[in-house]
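Here is a short structural report on one protein chain. It goes from the surface to the core and then to the charged pairs.

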Amino acid sequence: GRCREFSAIVQSFNTYYVLRAQQQLAVAAPLAENSIAQLEEFREEYIAFLRSVEPWAKGIANYLQASSVTEYPTLSRLAPTSHFQRPKPFRQITTAGA
């Protein structure tokens, strides 16, 4: 249950903060180059974080799925989210919106 909750927090952060920020920046005034560089640095680190969370969550989901087949049929409902949409480069977003 905790794994599912953690992946739900990551999913919410991704959807409501990272991806929404990109959508808003696409229609905003152009940003300064140093701001874009900071956003790109965040994006790269954030994607690395997502890359480490996905195999962890997938391993737990696979384990729960295998266990639920024979021992606990409802256990697979607790599987964490194991795929997250990646943010696109901020450079493309800001130049496309300009």
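## Surface patch

Helix 1, residues 2-27, is the top contributor to the nonpolar patch, with three residues. The model behind this report is predicted. The patch lies on the surface and is formed by Phe13, Tyr16, Tyr17 and Phe42. Together these residues have about 440 Å² of accessible area.

Tyr17 sits in helix 1. Is Tyr17 buried or exposed? Its relative accessible area is 56%. The cut-off for exposed is over 50%, so Tyr17 is exposed. Phe13, by contrast, is partly exposed, at 35%.

## Overall fold

How many helices and strands does the protein chain have? The secondary structure comes to three helices and zero strands. Along the sequence the pattern reads α-α-α. Helix 2 covers residues 33-70. Helix 3 covers 90-97, and a loop lies between helix 2 and helix 3.

The protein chain has 98 residues, and 28% of them count as buried. Its accessible surface is about 6600 Å². Carbon and sulfur atoms account for 56% of that surface. Now take the contacts between residues at least 6 apart in sequence: 81% of them join residues at least 24 apart.

## Aromatic pairs

The whole structure holds five aromatic pairs. One of them is Phe6 with Trp56, an edge-to-face pair. The ring centres are 5.8 Å apart, and the planes meet at 85°. This pair links distant parts of the chain: Phe6 belongs to helix 1 and Trp56 to helix 2, 50 residues apart. Phe6 is partly exposed, with a relative accessible area of 35%. Trp56 is partly exposed too, at 36%.

Why does the pair of Phe13 and Tyr17 count as stacked? The centres of the two rings are 5.6 Å apart and the planes are at 25°. Stacking requires planes under 30 degrees apart, so this pair qualifies. Both residues lie in helix 1, four residues apart, which is about one turn of the helix.

Ring pairs also build a cluster. Its members are Phe13, Tyr17, Phe42, Tyr46 and Phe49. Phe13, Tyr17 and Phe42 belong to the surface patch as well.

## Nonpolar core

Which residues make up the largest nonpolar core? There are six: Val10, Val18, Tyr46, Leu50, Val53 and Phe84. Helix 1 and helix 2 each supply at least two of the core residues. Helix 2 gives the most, with three.

Tyr46 appears in this core and in the aromatic cluster. Val53 is in contact with Phe6 and Phe84, leaving aside its neighbours within four places in sequence. Phe84 is a fellow core member, while Phe6 is the partner of Trp56 in the edge-to-face pair.

## Salt bridges

Side chains of opposite charge can pair when their charged atoms come close. The count here is two salt bridges.

| Salt bridge | Closest N to O | Relative accessible area |
|---|---|---|
| Glu40 and Arg43 | 3.1 Å | Glu40 8%, Arg43 13% |
| Glu54 and Arg86 | 2.9 Å | Glu54 12%, Arg86 28% |

Start with Glu40 and Arg43, whose side chains meet in a salt bridge. Where do they stand relative to each other in helix 2? They are three residues apart, so about one helical turn separates them. Buried means under 20% relative accessible area. Glu40 has 8%, so Glu40 is buried. Arg43 has 13%, so Arg43 is buried as well.

Glu40 also has partners further along the chain. Neighbours within four places in sequence aside, Glu40 is in contact with Pro89, Phe90 and Arg91.

The salt bridge of Glu54 and Arg86 has its closest N and O atoms 2.9 Å apart. It links distant parts of the chain, 32 residues apart: Glu54 lies in helix 2, and Arg86 lies in the loop between helix 2 and helix 3. Glu54 counts as buried, at 12% relative accessibility. Arg86 is partly exposed, with a relative accessible area of 28%.

Notes
Residues are numbered from 1 along each chain as its sequence is written. This is a predicted model: local features need pLDDT of at least 70, side-chain atom pairs count only at pLDDT 80 or more; totals for chains, interfaces and linings use all residues. Side-chain values use heavy atoms; hydrogens and water are left out. Patches are made of residues with over 30% relative accessible area and no salt bridge: like charges are joined within 9 Å, nonpolar side chains (Val, Leu, Ile, Met, Phe, Trp, Tyr) within 5 Å. Accessible areas come from the Shrake-Rupley method with a 1.4 Å probe; for residues, only the protein chains shown count as cover. A salt bridge is a side-chain nitrogen of Lys or Arg within 4 Å of a carboxyl oxygen of Asp or Glu. Buried means under 20% relative accessible area, exposed over 50%, partly exposed in between (1.4 Å probe, protein chains only). Contact means heavy atoms within 4.5 Å. Rings of Phe, Tyr and Trp (its six-membered ring) pair if their centres lie within 6.5 Å; planes under 30 degrees apart count as stacked, over 60 as edge-to-face and the rest as tilted. A nonpolar core is a set of buried Ala, Val, Leu, Ile, Met, Phe, Trp, Tyr and Cys residues joined through side-chain atoms within 4.5 Å.
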